[in-house]
Amino acid sequence: MPSPVLGPVLRHVDESSATVWVQTDVPAQVEVLGSTARTFEVAGHHYALVVVTGLPPDTRTEYDVLLDGEHVWPPASSPFPPSSIATRGPRSAGRHRILFGSCRYVKLADPRDAATYGIDALDAYAARMARLPSSQWPDALLLLGDQVYADELTPQTVRRIAGRRAEHPDWPDDEIVDFSEYVGLYRDSWADPEIRWIMSTVPTAMIFDDHDVRDDWNTSAAWRAQMAEKPWWAERIRAALSSYWVYQHLGNLSPDELAADPDWAAVSGHDGDTWPLLADLADRADREVDGSKGLRFSYRWQLGRTRLVVLDSRNGRVLDDGRHLMLGDREFGWVEERTLDPGEVDHLLLATSVPWLLPPAIGDLESVNEAAAARPGLRGRLGERIRQAADLEHWQAFRDSFDRLARLVAAATRPRAGDAAPVSISVLSGDVHHSYAARAQVEDAEEGTAVHQLTCSPVHNHVPPYVRAGFRLGWSGAATRAARAWATRKGTPPPVTWDKLGGPYFGNTIAWLDVDGRRADVVFEQPTGAASLREAARHTLTAPRSAEPEQGHPEPTGPAPTQVDPARPDPRHPDPADPDPTDPGRGARTR
């Protein structure tokens, strides 16, 4: 009898349909709410993506998963509420809670390692969420990179791959290489009961970052050349990109996009092992052709009057012929079109795994370094070594793309085709192992639209003291002024200025946007227990700048507060048992 290995994972949801992803141990027919799909095989592993149709708008429907007609989900002994699908619709078009974060390392068995990494913020959120009414559950979960760590292995994974040396003596002992090894990483990360439940119930969007493949992936052309010399790299990049396509990318697509995708048609219609098809797909995705990549991983979700456009800022990079582009021209053009499409949009969310706006001193340093690394001779080689050693590979290290994104943000602040401009534009990011909110002023942007960089990282990882010190320095006024003066002398000042609203917040963190009509707030929460979190900060994103003092909750020190906010109730469904919002135990607020 077939059994589920991972999932169900609820992915794209609209007003009448939803996609549900499942991994099984053997081939099977998968059924959800009367819709069915056969599994497809990849290197001996089995997957299905079920497109559920005919769902009523603005409803929540509980669902089971059947394999070959037998009930397998939810388990009979599950302590969690039933998995369910909440469709979008006109009643909920202006109200959303969107959970986001990045850099989630797997749980560790060793008590000392577990103490170093702390409590998983998403795990704690899921455990708390399970006790709340469904009206207070998030409408979407956005995972912004480093869902798995292919180059920072747990002791369990090291033991699992130890036996391959006899067959592959040139493969590294401390990194993943082939597809089946990636399968083990995803199983370790997604099989946790709390994570498995929340991903079965909250529509989950994803994009990768470097550790899903390898640290500093696609930093520069020199980095790509160095990796190409390694005898195992061709197998590694195929496994990384094909596993990303299976585990993460497919579910980002709407049913119409799936139906029009020739790769999905080829894989889902293939009889037998599809690994040769996916190996070819991965080679195309990695290849740079005519200033773009062979596949587009950027995508868009429409959540009522909130538009989410997710940019692939890792694989999409174009680095040949001396170029430094975060996305190729074709993919960036697609992003611009989907961002500026007509439609009623109150809030625009642009998601990219690496922050658009870093601590200002660090961002200006990256722009100066990019110019230095492009020089011929010794100076250029030194600049390239510094670029790789110091991880100077965020948006400002790709200045043409940074400036193009600034122009896109400015264009999005202007009304189009008779529709009002969004009241807020937020760039959501992760990667940098600290969290913060910054308010931006963009050249040529219209007044009336607030622009922010919102960064949440890590969800579960260790932040060394030197990293904390470096980011505090990067946000300091003295360092900001010195770096901006240096960038100006070198001819690289950015077309954007930004001020910190709050942060840096260190430690495991999960953030969420609370959207209600033309108002939006962002909340950063940090775990204090297995099922409890404290509010580290709250910022209102749509208030006039003069009404928004630049302050935030300091980095937590000492013991956690004795009174923990169990959850902020949905303003549409007030909870009379909610603590007094003025209670200091609820954390600091910035208005």
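**Surface charge, strand pairing and salt bridges in the predicted model**

Arginine 379 is exposed, its relative accessible area being 60%, in a structure that is a predicted model. This arginine 379 belongs to helix H13, which covers residues 377-389, and together with Arg375, Arg489 and Lys490 the residue Arg379 forms a positive surface patch.

A contrasting environment is found in strand S24, spanning residues 519-529, which is mostly covered, with 9 of its 11 residues buried. Strand S24 pairs in the antiparallel sense with strand S23 (residues 510-516) over 7 bridges, and the two strands form a hairpin with 2 residues between them, where glycine 517 in the turn adopts a positive phi of about 65 degrees. On the other side of the sequence, strand S25 (residues 532-540) runs antiparallel to S24 and is joined to S24 by 8 bridges, the connection again being a hairpin, here through 2 residues. Valine 522 takes part in both pairings: the residue is the bridge partner of leucine 513, and valine 522 also stands opposite histidine 539 in S25.

Salt bridges in the model number 35. In one of them, the side chains of aspartate 283 and arginine 238 meet with an N to O distance of 2.9 Å; because aspartate 283 lies in helix H10 (residues 275-286) and arginine 238 in helix H7 (residues 233-249), this pair ties together parts that are 45 residues apart in sequence. Aspartate 283 counts as partly exposed at 26% relative accessibility, and arginine 238 is likewise partly exposed, with a relative accessible area of 26%.

Another salt bridge brings together the side chains of arginine 404 and glutamate 336, at 2.8 Å from N to O. Since arginine 404 is located in helix H14 (residues 399-412) and glutamate 336 in helix H11 (residues 329-340), the pair ties together parts that are 68 residues apart in sequence. Glutamate 336 is partly exposed, with a relative accessible area of 22%.

Helix H14 also holds a salt bridge within itself, as aspartate 403 and arginine 399 both lie in this helix, 4 residues apart, or about one turn of the helix. The closest N and O atoms of aspartate 403 and arginine 399 are 3.1 Å apart, and both residues are buried. Beyond such individual pairs, salt bridges that share partners join Asp209, Asp210, Arg314, Arg317 and Glu393 into one network.

Notes: Residues numbered from 1 in each chain as written. Predicted model: local features only at pLDDT ≥ 70, side-chain atom pairs only at ≥ 80, totals over all residues. Heavy atoms only, no water. Patch = residues over 30% accessible without salt bridge, like charges linked within 9 Å, V, L, I, M, F, W, Y side chains within 5 Å. Areas by Shrake-Rupley, 256 points an atom, 1.4 Å probe, with all protein chains shown as cover. Salt bridge = Lys/Arg side-chain N within 4 Å of Asp/Glu carboxyl O. Lys, Arg positive; Asp, Glu negative; His and termini not counted. Charge placed at Lys NZ, Arg CZ, Asp CG, Glu CD. Buried < 20%, exposed > 50% of the residue type's maximum accessible area, 1.4 Å probe, protein only. Pairing = 2+ DSSP bridges.
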